[in-house]
Amino acid sequence: MADSTLTSLPPHHPQCLGCGPDNPAGLHLAVSRDGDSVVTDVTFDKRHRGAPGLAHGGAISAACDDLFGFVLYVVEEMAVTRRLTVDYLAPVPLGQPHRITAGLQRRHGRRLHLEATGTGHDGITRFTAEALFVVVDHHHFAPHGLEADVQAMFTRPQRRDRKDR
Ligand SMILES: CCCCCCCCCCCCCC(=O)SCCNC(=O)CCNC(=O)[C@H](O)C(C)(C)COP(=O)(O)OP(=O)(O)OC[C@H]1O[C@@H](n2cnc3c(N)ncnc32)[C@H](O)[C@@H]1OP(=O)(O)O
């Protein structure tokens, strides 16, 4: 991603399915902040195949869900997906970069309503997504993960240059 106005954001954690650099089965999303929006350029490959030559809908959904998880750096609160809806507007070919942009559409109490759009470098929007995230605190994660990993998610900087990782 070459855009000079973008600020790189750190992955949720190294093994995250969407953005973790150490997850061999992951999408390895590199995400940046652009004002109140977050963006990633994803290129689905043969590991994400659905129909021949095309990305699996679940992989597309995972990319959107994880990118929504980066809007939390903008909101500066922890939240989890309660509902996720994807509109698959056109087949997504493997090997072609698509830029997904996501942001907060509105907030009511603990409910965050989020929206995303996925557009190929050819200018064709091939999918959009909407999600309801619900704000939670660290007690949501504490019974399931290592205490240190959970704490790290809550204490890491909201912004960080990729070169600092
Ligand atoms: C700080 C920055 C950190 C960045 C790092 C991020 C790391 C994260 C990684 C991200 C990775 C990617 C992301 C992932 O993969 S997240 C992983 C996948 N998601 C989950 O595992 C979540 C599982 N679900 C739950 O744990 C609970 O259901 C939650 C916690 C979500 C809510 O259970 P809880 O018992 O607490 O709350 P509630 O049921 O009383 O409801 C709460 C509010 O929501 C309203 N409501 C409920 N349903 C609906 C509905 N259908 N339409 C409209 N509204 C609805 C409801 O009226 C209420 O509103 P209000 O009365 O309060 O106004």
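**Around the ligand.** I began with the ligand in this predicted model, and found 22 residues around the ligand, of which Gly69, Leu72, Val80, Gly109 and Val134 come nearest. I then asked which elements give two or more residues to this shell, and noted helix 1 (57-75), strand 4 (79-88) and strand 7 (125-135). Helix 1 gives the most, with five residues. Sorting the shell by residue type, I wrote down eight nonpolar, six polar and eight charged residues.

**Helix 1.** Since helix 1 gives the most residues to the shell, I looked at its length next. I reckoned that its 19 residues, at 1.5 Å a residue, should span 27 Å, and I found the end C-alpha atoms 27 Å apart, so the expected span and the model agree. Just after this helix I came to Glu76, which takes a positive phi of about 65°.

**Gly18.** I turned to Gly18, which I located in the loop between strand 1 (7-8) and strand 2 (31-34). Is Gly18 buried or exposed? I recorded it as buried, because 23 other C-beta atoms lie within 10 Å, where 20 or more are needed for that label.

I also listed what Gly18 is in contact with, leaving aside its neighbours within four places in sequence: Gly26, Leu27, Leu29, Ala62, Ala63, Asp66 and Gly69. Gly69 was already in my notes as one of the residues that come nearest to the ligand. For a last entry I took Gly18 together with Pro52, which is 34 residues apart from it along the chain, and I noted that their C-alpha atoms are separated by 22 Å.

How values were computed
Residues are numbered from 1 along each chain as its sequence is written. This is a predicted model: local features need pLDDT of at least 70, side-chain atom pairs count only at pLDDT 80 or more; totals for chains, interfaces and linings use all residues. A residue is near a molecule or strand if its C-beta atom, placed from the backbone, lies within 6 Å of it. Helices (H or I, at least four residues) and strands (E, at least two) are DSSP runs, numbered from the N terminus. Ala, Val, Leu, Ile, Met, Phe, Trp, Tyr, Cys and Pro count as nonpolar, Asp, Glu, Lys and Arg as charged, and the others, Gly among them, as polar. The expected span of a helix is 1.5 Å times one less than its number of residues. A residue is buried if 20 or more other C-beta atoms lie within 10 Å of its own, exposed if 12 or fewer, and partly exposed in between; C-beta atoms are placed from the backbone. Two residues are in contact if their C-beta atoms, placed from the backbone, lie within 7 Å.
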